Amino acid sequence: MTERAMLISGASGFLGGALYHKAVHLWRVTALCHSKSMPGMLPVDLTDAAKVRTIVRAVKPRVILHLAANANLDSCEKEPQQAHAVNVAATATLLQAADDIGARLVFVSTDMVFDGHQGNYHELDPVAPLSVYGDTKVAAEKRVLAAKGPHVVARAALIYGRPRLGGSSFSEWIEKRLQARQPVTLYNDQFRTPVWVENLADQLLELACNDYCGILHCAGSERIDRLGFGRILCQKAGYDAHLLIPSSMHDHITPAPRPADVSLNVELARQILHTPLLSVEEGISQMTAKA
Ligand SMILES: NC(=O)c1ccc[n+]([C@@H]2O[C@H](COP(=O)([O-])OP(=O)(O)OC[C@H]3O[C@@H](n4cnc5c(N)ncnc54)[C@H](OP(=O)(O)O)[C@@H]3O)[C@@H](O)[C@H]2O)c1
């Protein structure tokens, strides 16, 4: 194992872009992309198990930050086998490769493992996903938690922010519409604990170095609905809040069902991490100040 070597999967995605930019200052990073060609990154399909094993053996990372996934709920619902191959089988391959060399795997999971009937979920609350995407993440989590190595399941909440490389975010979609002075319909009955992508990247990089094992909820500090989020965004970034149109999630049919309240309890993360868990107001303020 090479002490300062880190392997990042999904580095070409939304979260991956933020993480990669921070990690390169701290680690000797090997970053993986897939369909997008990114300078300095290695293109690999993680469903090619032999190639993944070869890369891990060659890089010998101390830590693998595994972000790559099909993170699109509706696409997973329509193509469950493909979702399983990327989200479960590829995770199992990376996990085995990590165990073979004694590396730590930080697996990024999701708040979508819960059914959303309760909210304020703790790490050990029972999971009950409503969607294929959630099913695949639960299946991958189980494998990570059953493995022998010092691994972590980092359950991320809804991520917002401005993508540095690839990927997209719901807040970017809102901002683009507001900048074009187009109306934005937002649910006022779907609750999450949104986390700013840069804050989540800091949380994950800290987790990469500490010795916590098991599940950890990595989120912002505040439970909020999408409309409430949009209002704070308007206030902090100077957009016209009159363009926001309240709506109910029950009025929209999507291929994958969405849970109503998958807000995450972050008490454990507060105890484990030094990185502050930002409120929506703090995160958006920092995001807009950066621009
Ligand atoms: N976005 C959210 O709100 C949210 C919330 C909770 C949890 N998460 C989790 O956080 C992680 C990152 O999410 P994100 O929003 O950054 O997703 P994203 O922007 O869609 O990025 C997905 C990444 O996975 C890579 N990838 C997809 N299929 C692959 C394959 N077969 N082989 C290798 N790489 C593959 C993509 O590579 P290319 O783009 O190069 O093809 C991309 O780098 C995911 O595990 C997701 O489940 C996201």
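Is D202 buried, partly exposed or exposed? In this predicted model, local features require pLDDT of at least 70 and side-chain atom pairs count only at pLDDT 80 or more, while totals for chains, interfaces and linings use all residues. Residues are numbered from 1 along each chain as its sequence is written, and side-chain values use heavy atoms, with hydrogens and water left out. D202 is partly exposed, at a relative accessible area of 31%. Here, buried denotes under 20% relative accessible area, exposed over 50%, and partly exposed the range in between, computed with a 1.4 Å probe and protein chains only.

The residue belongs to a salt bridge, defined as a side-chain nitrogen of Lys or Arg within 4 Å of a carboxyl oxygen of Asp or Glu. Side chains of opposite charge can pair when their charged atoms come close. The partner of D202 is K22, with an N to O distance of 3.1 Å. Because K22 lies in helix α1 and D202 in helix α7 (residues 197-209), the pair ties together parts that are 180 residues apart in sequence. Helices (H or I, at least four residues) and strands (E, at least two) are DSSP runs, numbered from the N terminus. K22 is likewise partly exposed, with a relative accessible area of 21%. Salt bridges with shared partners join K22 and D202 to R164 and E198 in one network.

Helix α7 comprises 13 residues, and its first and last C-alpha atoms are 19 Å apart, close to the expected 18 Å at 1.5 Å a residue. The expected span is 1.5 Å times one less than the number of residues in the helix. Most of α7 is covered, 11 of its 13 residues being buried. Among these buried residues are V197, E198, L200, L204 and L207.

Across the whole structure, 12 salt bridges are found. Another of them joins D261 and R223, at 2.9 Å from N to O. D261 is in the loop between β13 (244-247) and α9 (267-272), whereas R223 is in the loop between β11 (214-218) and β12 (224-225); the pair thus links distant parts of the chain, 38 residues apart. The two partners are covered to unlike extents: D261 is buried, at a relative accessible area of 9%, and R223 is partly exposed, at 46%.

A further salt bridge is formed by E281 and K236, whose closest N and O atoms are 3.5 Å apart. Since E281 lies in helix α10 (residues 280-290) and K236 in helix α8 (residues 226-237), this pair ties together parts that are 45 residues apart in sequence. E281 is partly exposed, with a relative accessible area of 37%, and K236 is also partly exposed, at 31% relative accessibility.

Helix α8 has 12 residues, which should span 16 Å at 1.5 Å a residue; the end C-alpha atoms are 16 Å apart, in agreement with that value. The buried residues of α8 include R226, L227, G228 and F229. The N-terminal end of α8 is capped by D225, a side-chain oxygen of which lies 3.2 Å from the backbone nitrogen of L227. After α8 comes G238, with a positive phi near 80°. The C-alpha atom of G228 is separated by 8.8 Å from that of L186, 42 residues away along the chain. L186 is located in strand β8 (residues 184-187) and is buried, at 3% relative accessibility.

The ligand is surrounded by 27 residues, of which S12, S35, K36, L67 and Y133 come nearest; a residue is included if one of its heavy atoms lies within 4 Å of the ligand. This shell divides into 16 nonpolar, eight polar and three charged residues. For this division, Ala, Val, Leu, Ile, Met, Phe, Trp, Tyr, Cys and Pro count as nonpolar, Asp, Glu, Lys and Arg as charged, and the others, Gly among them, as polar. A polar backbone atom of L15 is 2.8 Å from an oxygen atom of the ligand. A nitrogen atom of the ligand lies 3.0 Å from a polar side-chain atom of D45, and an oxygen atom of the ligand lies 2.9 Å from a polar side-chain atom of K137. The protein buries 87% of the 900 Å² that the ligand exposes when taken alone, with accessible areas obtained by the Shrake-Rupley method and a 1.4 Å probe. Two or more residues of the shell are given by each of α1 (14-23), β5 (104-110) and α5 (132-146). Of the elements, β5 gives the most, with three residues.

Note on methods:
A polar contact is a pair of N or O atoms within 3.5 Å; within protein, one must be able to donate a hydrogen and the other to accept it, and residues adjacent in sequence count only if both atoms are side-chain atoms.
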